[in-house]
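The following exercises are intended to be worked with the sequence and the coordinates at hand. Each task is followed by a solution in steps.

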Amino acid sequence: MWQQLFMQCLNGLGVAGILVIAAAGLAIIFGVAGVINMAHGQFIMVGAYTAALVDELGGNMFMSIPIAFVVVALLGLIVERGVIQWIYDRPLETLLATWGVGIILEVTMKFIFGTLGRKVDWPDLLDGSIRIFARPPHFPYYRVFHVVLAIVILAVTFYILYRTRFGLKVRTVRRNRSMASCLGIDTAKIDMLIFMYGSGLAGIAGAVIAPIKAATIDMGFSYSVNSYMVIVLGGVGNLLGIPTGSFLIGEAETLLAFRYNTVIGQLLVFIAIVIAIRVFPRGIFGYQERR
Amino acid sequence: MTINLAGGGSTPRKVRRARLIPIWALILGAFVLSLIGTSPHYIGSDSYVVGLIGKFLCFAIFALSIDLIWGFTGILSLGQAVYFGIGAYMVALSMKLNYTLENATRYGSNIPDFMEWNGLTEVPAFMAPLLSTPVAVALALAIPTLLAFIFGVITFKRHIYGVYCAVITLAEALILERFIVEYQAYTGGFNGITDYSNLRGAPFLWVIIAVTVVCLIGARALTHSRIGTVLKSIRDNDVRAEFMGYNVANYRIFVFCVSAFMAAGAGAMYAAWVGIVSFLDAGPMFSVEGVIWTAVGGRATLIGPFIGTFLVRGLEFVLSSSAWLSWLSEYWQFFMGALFIAVVLWIPDGIVGTIGNWLRKRGTGTLSQIRDDQDRLAHDRQRDWDPAGGTKPGKDPV
């Protein structure tokens, strides 16, 4: 019993890893530009299909991660320049417009790849599992990989935001947009680059998710809703909000799903989040706006 | 000597209030409604089009409920279908239970087929109240309103709105959808609730029309009252509204409950009219569709949601039914996506709003608009003359 519980905790850590990868892009875009990309789940889906294509052409997942990053970042560039660029000042309507983008992406991908899902193989390196206890629920390598990748992505993002000149500009823009603009920072360009980076992270999430669940047209939505919950719970005040929110949601959902079932788990987590935002209206690591 | 703070001893200027129902709306509305209401008689009570009209009216009330919170108060809820869905499911369950009491299923028991499939032998005790129709209707209206109240108290009291509120309500809808699919012994699961004797035809169509009229008049009364003015000011600048001394959170909660009540009513009628309720009617996709109908018709207008709903759903029906356009219906989803983007980018005011703006700009608006404009001009002129040292009209202050 205790062994199983321990294993579920570890599994929850793996789920949290995926959540971090999926939510990081969204959180960065929301934190800097103040818009939420409703097509984020579909971006993840596009990343997964990119991974499926790479897989069919004989590559493996380690190749598909950078390729998916680039492909989805370019997609993000198109969406940002084509649609979101004009409506940064109307965040609520951005939700609707990007929802439309999501629908168009789904239809297009269905047109290209058909309704059947694509299976993606794991690289041989990640086959197998760590045997912590003698009896079967072992800890598979791919869960370890998710956690490691999540940490790497957070570290890279931290480096970009806090240790480079570009990151300095990004932080300036999010602190005071008009002042940053007065100082000669091209805020529109910062928004665009951040949107590209965030979208690219969605692509990575897709490439990582594709092997555990096949690439399907409607795979993205539940991941994107979970990512929104991570943002709501964790907050976008600083980078710590993403892992905190992901950890809490991932562990809670896994353990509750183990105890009851998936739907009850999600329902209880949702109720817990709604109660939690009574205490932290802008998330645990919320950003207090200075007026 | 007394100092008159009220302004010069003259009686305060009377503010001309808008009529509850403008004459032109009364005539036009009566015409349209009688046209719709008599439609069963000349195209047949069972015809598909009559079914569509009743369905669209329910959808339009749903869109109106979204318009109340989004267009007039500025709360974007992407989970309004939760209230619609709960209302619909309550009524559908009630009708299904009553139907199977009289018509036994294929295997001879008197419980709904989906319960039978899932191994239940009798109606669960917590569903027994639904057997009585008035109780079912009351629950269909009360539960969503209560839910909206709880949700509103939790979020709006803590200044959670805007994007956060939209995202949380979206998650709410997704979870309800999954809940319905998972607990199929009680909800019919993936198949939804079907096969009950729904109320088709002219008498119930008139009920729907009557509710529609009540909702429209109620919405107009609400938005043209003092409360409506406060709601609009909250939409335009909630911080200032708060500084004016209004309890912004309570106004938001109130309008959220009204809207949930309206959506629940629409859902209840929808279930009774259409005769099939599925998890899709409570899901995120349907919620967002309702928002887009409102946006197409025109937010912050009362007739906009109706026009938007009938236009978008009507177009879908025309595309899928006509022979030489049916190839287009395969791309319907694509068209919907493009519509989302196009409405937000190019016609943010919707059809009614854009036409209204255009008329106003042309200066040849409807008579009441011209009168309003003249009133405002006269009022401004008076204010310019009144204070000592004020600028005189006709001269540019250089």
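The expected span of a helix is 1.5 Å times one less than its number of residues. The model is a predicted one.

**Exercise 1. Determine how the span of helix 11 of chain A compares with the expected value, and which side of the helix is buried.**

Step 1. Helix 11 of chain A covers residues 262-279, which is 18 residues. From first C-alpha to last, helix 11 of chain A reaches 26 Å, close to the expected 26 Å.

Step 2. A residue is buried if 20 or more other C-beta atoms lie within 10 Å of its own, and exposed if 12 or fewer do. The buried residues of helix 11 of chain A are A:Q266, A:V269, A:F270, A:I273 and A:I277. These residues lie on the same side of helix 11 of chain A because they cover an arc of only 105° around the axis. In general, an α-helix has 3.6 residues a turn, so residues three or four places apart point the same way.

Step 3. On the face turned away from the buried side, helix 11 of chain A carries the exposed residues A:I271, A:I275 and A:V279.

Step 4. The packing partners of the buried residues of helix 11 of chain A are helix 9 (220-234) and helix 10 (241-259) of chain A, together with helix 7 of chain B.

**Exercise 2. Identify the buried residues of helix 3 of chain A and the helices against which they pack.**

Step 1. Helix 3 of chain A, residues 61-82, has 22 residues; its end-to-end C-alpha distance is 30 Å, close to the expected 32 Å.

Step 2. Buried residues of helix 3 of chain A include A:M61, A:I65, A:F69, A:V72, A:G76 and A:E80.

Step 3. The buried residues of helix 3 of chain A pack against helix 2 (40-56), helix 4 (91-113) and helix 8 (187-212) of chain A.

**Exercise 3. Describe the overall build of each chain.**

Step 1. Chain A has 11 helices and 2 strands, in the order α-α-α-α-β-β-α-α-α-α-α-α-α from the N terminus. The radius of gyration of chain A is 19 Å, close to the 19 Å that the globule rule gives for 291 residues, so chain A is as compact as a globular protein of that length. Along its principal axes, the C-alpha trace of chain A spans about 65 × 45 × 35 Å.

Step 2. Chain B has 18 helices and 0 strands.

Step 3. Of the 291 residues of chain A, 50% count as buried; in chain B, buried residues make up 39% of 398.

Step 4. Among contacts in chain A with a separation of 6 or more, 76% are between residues 24 or more positions apart. For chain B, 79% of contacts between residues at least 6 apart join residues at least 24 apart.

**Exercise 4. Which residues touch the most other members of the largest nonpolar core, and which helix gives the most to this core?**

Step 1. This core has 201 residues, and A:I21 and A:A48 touch the most other members. Helix 12 of chain B (residues 248-274) gives the most to this core, with 19 residues.

Step 2. Leaving aside residues up to four places away in sequence, A:I21 touches A:L149, A:A150, A:I153, A:L201, A:I204, A:A205 and A:V208.

**Exercise 5. Characterise the side of chain B that touches chain A.**

Step 1. In this interface, 33 residues of chain B are in contact with 28 residues of chain A.

Step 2. Helix 7 (163-182), helix 13 (284-297) and helix 16 (332-346) of chain B each supply at least two residues of this side. Helix 7 of chain B provides the largest share, 12 residues.

Step 3. By class, the side of chain B that touches chain A has 26 nonpolar, 4 polar and 3 charged residues.

Conventions:
Residues numbered from 1 in each chain as written. Chains lettered and ligands numbered in written order. Predicted model: local features only at pLDDT ≥ 70, side-chain atom pairs only at ≥ 80, totals over all residues. Contact = placed C-beta atoms within 7 Å. Helix = DSSP H or I, 4+ residues; strand = E, 2+ residues; numbered from the N terminus. Nonpolar A, V, L, I, M, F, W, Y, C, P; charged D, E, K, R; others polar. Rg over C-alpha atoms; globule rule 2.2 N^0.38 Å. Core = buried A, V, L, I, M, F, W, Y, C linked by C-beta atoms within 7 Å. Arc of directions from axis to C-beta.
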